[in-house]
Amino acid sequence: MEIRHNWTAQEVQALFDKPFMDLLFEAQQVHREYHPANQVQVSTLLSIKTGACPEDCKYCPQSARYRTDVEKERLMEVERVLEAAEKAKASGATRFCMGAAWKNPKQRDMPYLLDMIQGVKGLGLETCMTLGMLDAEQAKTLSEAGLDYYNHNLDTSPEFYGNIITTRTYQERLDTLSNVRDAGMKVCSGGIIGLGESARDRAGLLVELANMPAHPESVPINMLVKVKGTPLENVDDVDPFDFVRIIAVARIMMPKSAVRLSAGREDMNEQMQTLCFMAGANSIFYGCKLLTTPNPDEDADMQLFKKLGINREAVSQKPDQVTEHDLLEQVAERVAARPQEGDLFYDASV
């Protein structure tokens, strides 16, 4: 299949309009052309600075503008971040992602961020950060420290964006992604489904992503996690089949990208997640929390992978690959001893 950067809204809508089974069949064919079958890359996401964000993203419990249960936390100490990374690696993660609730990082924070990047890479993990907007110099500094991926989501279509966020523009998001790409880092960028957007907006988001000069190496597709106290706490649920369609269309439009099944998996049953894998999702976040929202227990993921015959992908950076068999043998032990409240891997907001 040709790699394209000139998709039209009409073409994308035609993909969405395909019969469901035909769409999944096409997406799986594209997936197998560009990716190993039955492999899912696993990442862990840690909140390294929680709450008190000045942005007004209507979906986000970390915004200082909304009254939610999220506690404000300062930037974590480097040592604690590395402890969490070690636990993530031991549980089978190959990429460690660090998120800070900022509009943009301040200069005083950069030395700590660089130490985190270098420390995590020293463990043999790929590194990813999401810190808000970056200028060209900040992107260069992070890249030189060895940051592999930078996450900055577009969230939704340009047309619907103003209904969700007013404190930064769509163009500012695109500028950050351009700075990341120019600095030599890989781009992680996707969106959120279930914000009250239309089918046209969903198509518009994918057009923006797929028509970039280079497709994002990682495309997280999030299903909104509704949080009490945010303006979107009562928005309508996403139809599961509609969500699977998004995954399939993203796979067809961006064949080489890792399509990441991200936030919202806590509300997906095994059958829905399986359809997403069939549709071309080949990356997940692993662990009990995504920043501040719930995520399926890691043992549940392991058991589902076992049922489906999925072997988790290992990156070349990882010096001592942990086999699926070894990980599965750890499941029984972890079921008997769930992570406790003080465990960083369990509660990323600590």
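These notebook entries record what I looked up in a predicted model.

**Entry 1. The annotated positions**

I began with the UniProt record. Under "binding site", the unreviewed entry lists Cys97, Cys128, Cys188 and Arg260. I then asked how these positions lie in space. They span 164 residues in sequence, yet no two of their C-alpha atoms are more than 13.7 Å apart, so I note that they gather at one spot.

**Entry 2. Cys97**

I took Cys97 next and found it in strand S2, which covers residues 95-100. Is Cys97 buried or exposed? Its relative accessible area is 3%, and I record Cys97 as buried because the cut-off for that term is under 20%. I also listed its contacts, leaving aside neighbours within four places in sequence. Cys97 touches Ser43, Thr44, Leu45 and Leu46, and it also meets Phe285 and Cys128. Cys128 is itself one of the positions that UniProt lists for the binding site.

**Entry 3. Cys188**

I turned to Cys188, which is placed in strand S5, residues 186-188. Its relative accessible area is 4%, so Cys188 is entered as buried. With neighbours within four places in sequence again left out, I found Cys188 in contact with Tyr150, Asn151, His152 and Asn153. Ser218 and Pro220 complete the list for Cys188.

**Entry 4. Helices H9 and H10**

I examined how helix H9 (residues 240-253) packs on helix H10 (residues 270-278). The angle between them is about 25°, and their axes are 8 Å apart. The angle is under 35 degrees, which means that H9 counts as roughly parallel to H10. The crossing of H9 past H10 is right-handed.

Which residues meet at this contact? From H9 I noted Pro240, Phe241, Phe243, Val244 and Ile247; from H10, Met272, Leu275 and Cys276. Sorted by class, the contact of H9 with H10 holds eight nonpolar residues, with no polar and no charged ones.

**Entry 5. Leu304**

I closed with Leu304, found in helix H11, residues 298-308. Leu304 is buried, at a relative accessible area of 3%. Which residues does Leu304 contact, leaving aside its neighbours within four places in sequence? I found Glu270, Gln273, Thr274 and Phe277. For one of these, Gln273, I looked up the separation: Leu304 and Gln273 are 31 residues apart in sequence, and their C-alpha atoms are 9.1 Å apart in space.

Methods:
Residues are numbered from 1 along each chain as its sequence is written. This is a predicted model: local features need pLDDT of at least 70, side-chain atom pairs count only at pLDDT 80 or more; totals for chains, interfaces and linings use all residues. Side-chain values use heavy atoms; hydrogens and water are left out. UniProt positions are given in the numbering used here, feature names are shortened, and annotations may be inferred rather than shown by experiment. Helices (H or I, at least four residues) and strands (E, at least two) are DSSP runs, numbered from the N terminus. Buried means under 20% relative accessible area, exposed over 50%, partly exposed in between (1.4 Å probe, protein chains only). Contact means heavy atoms within 4.5 Å. Axes are lines fitted to C-alpha atoms, for helices over the stretch in contact, and angles run from 0 to 180 degrees between N-to-C directions. Angles under 35 degrees count as roughly parallel, over 145 as roughly antiparallel, 65 to 115 as roughly perpendicular and the rest as oblique. A crossing is left-handed if the near helix is turned anticlockwise from the far one by less than a right angle, and right-handed if clockwise. Ala, Val, Leu, Ile, Met, Phe, Trp, Tyr, Cys and Pro count as nonpolar, Asp, Glu, Lys and Arg as charged, and the others, Gly among them, as polar.
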